[in-house]
Amino acid sequence: MDFKDYYKILGVEPTADDKAIKTAYRKLARKYHPDVSKERDAENKFKEANEAYEVLGDAAKRAEYDEIRKYGGQHGRPFQAPPGWESRGGAGGGGFGAGGDFSDFFSSIFGSAGRGNGNPFGRAQQQRSAGRRGQDVEMELAVFLEETLANESKQISFQVPQHNAHGQRTGDTTKTLNVKIPAGVTDGERIRLKGQGAPGVGGGANGDLYLVIRFAPHPLFDVEGHDLIITVPLAPWEAALGTKVEMPTLTGKVNLTIRPDSQSGQRLRIKGMGLANKQGQRGDLYAQLKVVMPTQSDAATRELWNKLSEKAGFNPRTQWSK
């Protein structure tokens with residue numbers, strides 16, 4: 001059978017102390033736990049990490065394991081159990097047994113007695129699974145632009161997975177919370193609500209809730225960072241002669257002055273009427289002018305347009321001849 005390098009499995013040096021070994025194990029256990037991991041072959045990697053920690057996390061087993069490393073199996077040669085260990089467990093291909101617990105390599109050294117109080121994942125895993133952290137939950141939260149400026153709570157409901165004392169999923173339950181939208185929140189921002197995810201198992205800590213902010217489309221405003229853009233339709237004579245327009249904002253209305261001879265596409269800045277940033281300061285609102293022609297006209301109106309064209313003598317395409 002192949003030699004199993006438990007130090008390599010946990011990603012630590014043979015000189016690593018107990019704290020480093022425990023930290024490495026916990027990192028791998030979170031990454032490959034079958035209930036949450038989407039990694040390929042996660043279950044086997046989870047079992048390998050458990051087996052490695054069952055040995056390296058126990059001073060007596062680690063000393064025994066270190067002693068047999070001198071036989072050379074860790075350098076890639078087939079492992080032969082040293083004298084005195086053959087009767088401790090069965091031989092085999094070195095993989096996990098039919099029970100899905102420890103490998104034949106482990107059994108050849110420690111036998112069934114090393115499996116830890118009858119728990120198929122060993123004593124160390126039994127102790128850790130008793131206090132397993134709850135699953136994190138993530139949901140998208142639609143937020144209206146007006147809500148980013150309000151100092152009010154927003155009620156949300158979401159599904160939380162439930163597990164029994166053995167860590168097996170038993171279904172989902174609906175949880176309802178009142179949350180306050182943080183000042184300066186941006187579209188796509190991920191907000192963590194600690195302890196609001198799935199409950200822990202066996203006294204373990206609750207998971208967290210992650211809210212992904214999605215700005216709901218607004219009928220009037222487009223968003224550019226913390227600035228807002230609003231299109232202001234103008235009749236041709238309003239753009240030519242100038243006018244005052246009562247324009248909506250997120251918090252009310254303002255009077256916008258259109259100067260004579262304004263151009264379609266021109267932007268006018270209204271300072272401090274955009275979205276708030278993290279410091280509570282607001283971006284700007286930009287009014288983008290758009291000249292709109294009437295959809296219908298009668299003979300008298302067209303005659304006036306003819307007179308205007310003759311009087312103005314304006315050619316908007318003069319640059320084409322350059």
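I call a residue buried when its relative accessible area is under 20%, and exposed when it is over 50%. With that settled, I opened the model, which is a predicted one.

**Entry 1: helix 4**

I started with helix 4, residues 59–68. I looked up which of its residues are buried and noted K61, R62, E64, Y65 and I68. Around the axis these buried residues span an arc of only 165 degrees, which puts them on the same side of helix 4. Then I turned to the face pointing away from that buried side, and there I found the exposed residues A59 and A60.

What caps the N-terminal end of helix 4? I found D58 doing it, with a side-chain oxygen 3.0 Å from the backbone nitrogen of K61.

**Entry 2: helix 3 against helix 4**

Next I checked how helix 3 (residues 42–56) packs on helix 4, and I noted an angle of about 100 degrees with the axes 6 Å apart. That angle makes the two helices roughly perpendicular, because values from 65 to 115 degrees count as such. On the helix 3 side I listed E54, V55 and L56, which meet K61, R62 and Y65 of helix 4. I was pleased to see K61, R62 and Y65 again, since I had already written them down as buried.

**Entry 3: the sheet of 3 strands**

I moved on to an open sheet of 3 strands, whose order I wrote down as 1-5-4, with mixed pairing. Which strands stand at its edges? They are strand 1 (137–143) and strand 4 (190–193); each has a single partner strand, so one side of each lacks a neighbour in the sheet. From one strand to the next, I noted an average twist of 30 degrees.

Within this sheet I followed strand 4 to strand 5 (residues 209–215) and found the two paired in the antiparallel sense over 4 bridges. For I191 I looked up the bridge partner in strand 5, and it is L211.

**Entry 4: K154**

I stopped at K154, which sits in strand 2 (residues 153–163). Is K154 buried or exposed? Its relative accessibility is 16%, so I count K154 as buried, the cut-off being 20%. The K154 side chain makes a polar contact with the side chain of E147, at 3.0 Å. Leaving out residues up to four places away in sequence, I also found K154 touching L141, A142, L177, N178, V179 and I181, besides E147.

**Entry 5: the sheet of 4 strands**

My other open sheet has 4 strands in the order 6-7-11-10, again with mixed pairing. Strand 6 and strand 10 are at its edges with a single partner strand each, so each has one side without a neighbour in the sheet. I wrote down an average twist of 30 degrees from one strand to the next here too.

I then went through the hairpin of strand 6 (residues 221–224) and strand 7 (residues 227–234), which run antiparallel and are joined by 4 bridges. Opposite D222 I found I229, and opposite E224 I found D227. The hairpin has 2 residues between its strands, and G225 takes a positive phi near 65 degrees.

**Entry 6: D284**

I finished at D284, in the loop between strand 10 (267–270) and strand 11 (285–291). Its relative accessibility is 10%, so D284 counts as buried. The side chain of D284 makes a polar contact with that of R269, at 2.8 Å. Apart from neighbours within four places in sequence, D284 has contacts that include H226, D227 and L228, along with R269, I270 and K271.

Methods. Residues are numbered from 1 along each chain as its sequence is written. This is a predicted model: local features need pLDDT of at least 70, side-chain atom pairs count only at pLDDT 80 or more; totals for chains, interfaces and linings use all residues. Side-chain values use heavy atoms; hydrogens and water are left out. Buried means under 20% relative accessible area, exposed over 50%, partly exposed in between (1.4 Å probe, protein chains only). A polar contact is a pair of N or O atoms within 3.5 Å; within protein, one must be able to donate a hydrogen and the other to accept it, and residues adjacent in sequence count only if both atoms are side-chain atoms. Contact means heavy atoms within 4.5 Å. Two strands pair if DSSP finds at least two bridges between them. Axes are lines fitted to C-alpha atoms, for helices over the stretch in contact, and angles run from 0 to 180 degrees between N-to-C directions. The arc is that of the directions from the helix axis to the C-beta atoms. Angles under 35 degrees count as roughly parallel, over 145 as roughly antiparallel, 65 to 115 as roughly perpendicular and the rest as oblique.
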